[in-house]
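Here's a short walk through one protein chain, strand by strand and then out to the surface. Have the structure open as you read.

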Amino acid sequence: MDEYESAAIRAYAPEFNTSVPSLEKSLGRMPVIAGTAQVFADQASPSTAFFPKSVKCQIEEASKNSTPPWIKGKAVPPGDVSAEREQKFDLRDVNTSGQDIFDALSAQRRSEKRLTASTQRPARIKTYIEHKGVEIHIDEVTSSEAGERHLSFEWMAKSYGKVIGSGMEPDKATAATKAIANAEEHLAQPYRFKINLCDDGSVVTRDGEYLGTWEMDDNDHPSFTPDGEAEVLLFEVWIGLLCQKIADWHEAQDQAPT
């Protein structure tokens with residue numbers, strides 16, 4: 001669904017969507033519109049936004065837009081020097097020492113750091129990469145103590161929105177190395193999530209407990225059948241919602257008296 005969403009954002013270029021869709025996630029098939037529905041009570045009929053004619057118009061208009069919303073980005077007030085900036089970095093650059101990076105800062109960025117230091121808040125320059133689907137964030141943090149500047153790098157690894165590890169290092173190389181090692185350790189776990197829907201159709205907990213089977217219907221909607229049962233117990237439109245329902249069901253089973 002994340003891949004579908006990114007592909008749709010690039011195809012339709014919605015006016016108010018200013019997030020940057022990952023190129024890697026935008027190369028998949030476009031989502032198939034299975035149906036539309038009435039969203040608001042005062043609507044006279046279902047939305048026409050995804051009717052074939054409307055979709056075609058949206059794509060044609062988006063193709064004419066040389067600066068789609070994610071290229072423009074969100075506006076930052078010119079006087080707000082405390083706003084965090086984000087930039088993507090190349091792993092080929094992580095062998096640069098923290099001191100070298102500090103010395104290479106432009107005069108403008110040094111000026112911003114002095115202004116930020118006066119507010120007693122450390123300046124941050126945020127960077128990120130994607131490593132095998134895991135988000136790795138590395139923030140360059142500058143703080144001032146007793147008139148001296150100190151540069152450090154705070155790293156954090158996230159998988160599906162959940163922080164799986166974090167730390168602080170004196171240089172970017174070490175921060176990146178530790179973040180990637182943390183991601184690899186996380187990816188090496190056989191069952192990384194509370195509820196795991198495996199490729200062989202089995203449903204397994206993080207502890208390796210087998211709960212039953214799952215499958216997709218013709219509309220790509222998932223369902224869950226408990227171990228030993230012949231009938232589907234839980235059905236959802238989205239995989240994430242099904243996993244949450246399975247987790248709730250499993251916890252209720254554990255708490256039931258025997």
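## Where β9 meets β10

Let's start with a strand pair: β9, covering residues 222-226, is joined to β10 by 2 bridges, and the two run antiparallel. Keep in mind that this is a predicted model. Across this pairing, Ser223 sits opposite Phe235 of β10, while Phe224 faces Leu234, also in β10.

Helix α7 packs on the sheet here, touching β6, β7 (202-205), β8 (210-216), β9 and β10. The direction of α7 makes about 20 degrees with that of β9.

## The other neighbour, β8

On to β8, which pairs with β9 in the antiparallel sense over 5 bridges. One pair to look for is Thr213 with its bridge partner in β9, Thr225.

These two strands, β8 and β9, form a hairpin with 5 residues between them. In the turn you'll find Asp220, which has a positive phi of about 60 degrees.

## How covered is β9?

Are the residues of β9 buried or exposed? 5 of the 5 are buried, so the strand is largely enclosed by the rest of the structure. Both faces are covered: Pro222, Phe224 and Pro226 are buried on one side, and Ser223 and Thr225 are buried on the other.

## The whole sheet

Zooming out, 5 strands make an open sheet, ordered β6-β7-β8-β9-β10, with antiparallel pairing. Which strands stand at the edges? They are β6 (195-197) and β10 (234-235); each has a single partner strand, so one side of each has no neighbour in the sheet.

## Out on the surface

Now for helix α7 again, which spans residues 239-255 and includes Leu241. With a relative accessible area of 42%, Leu241 is partly exposed, because partly exposed covers what lies between the under 20% of buried and the over 50% of exposed. Leu241 also belongs to a nonpolar surface patch of about 410 Å², made together with Met1, Val237 and Trp238.

## The chain in numbers

Overall, the protein chain has 7 helices and 10 strands. Of its 258 residues, 30% are buried. The accessible surface comes to about 17200 Å², and 52% of that belongs to carbon and sulfur atoms.

As for contacts, take those between residues at least 6 apart in sequence: 36% of them join residues at least 24 apart.

Definitions and conventions: Residues numbered from 1 in each chain as written. Predicted model: local features only at pLDDT ≥ 70, side-chain atom pairs only at ≥ 80, totals over all residues. Heavy atoms only, no water. Patch = residues over 30% accessible without salt bridge, like charges linked within 9 Å, V, L, I, M, F, W, Y side chains within 5 Å. Areas by Shrake-Rupley, 256 points an atom, 1.4 Å probe, with all protein chains shown as cover. Salt bridge = Lys/Arg side-chain N within 4 Å of Asp/Glu carboxyl O. Helix = DSSP H or I, 4+ residues; strand = E, 2+ residues; numbered from the N terminus. Buried < 20%, exposed > 50% of the residue type's maximum accessible area, 1.4 Å probe, protein only. Contact = heavy atoms within 4.5 Å. Pairing = 2+ DSSP bridges. Axes fitted to C-alpha atoms, helices over the stretch in contact; angles between N-to-C directions.
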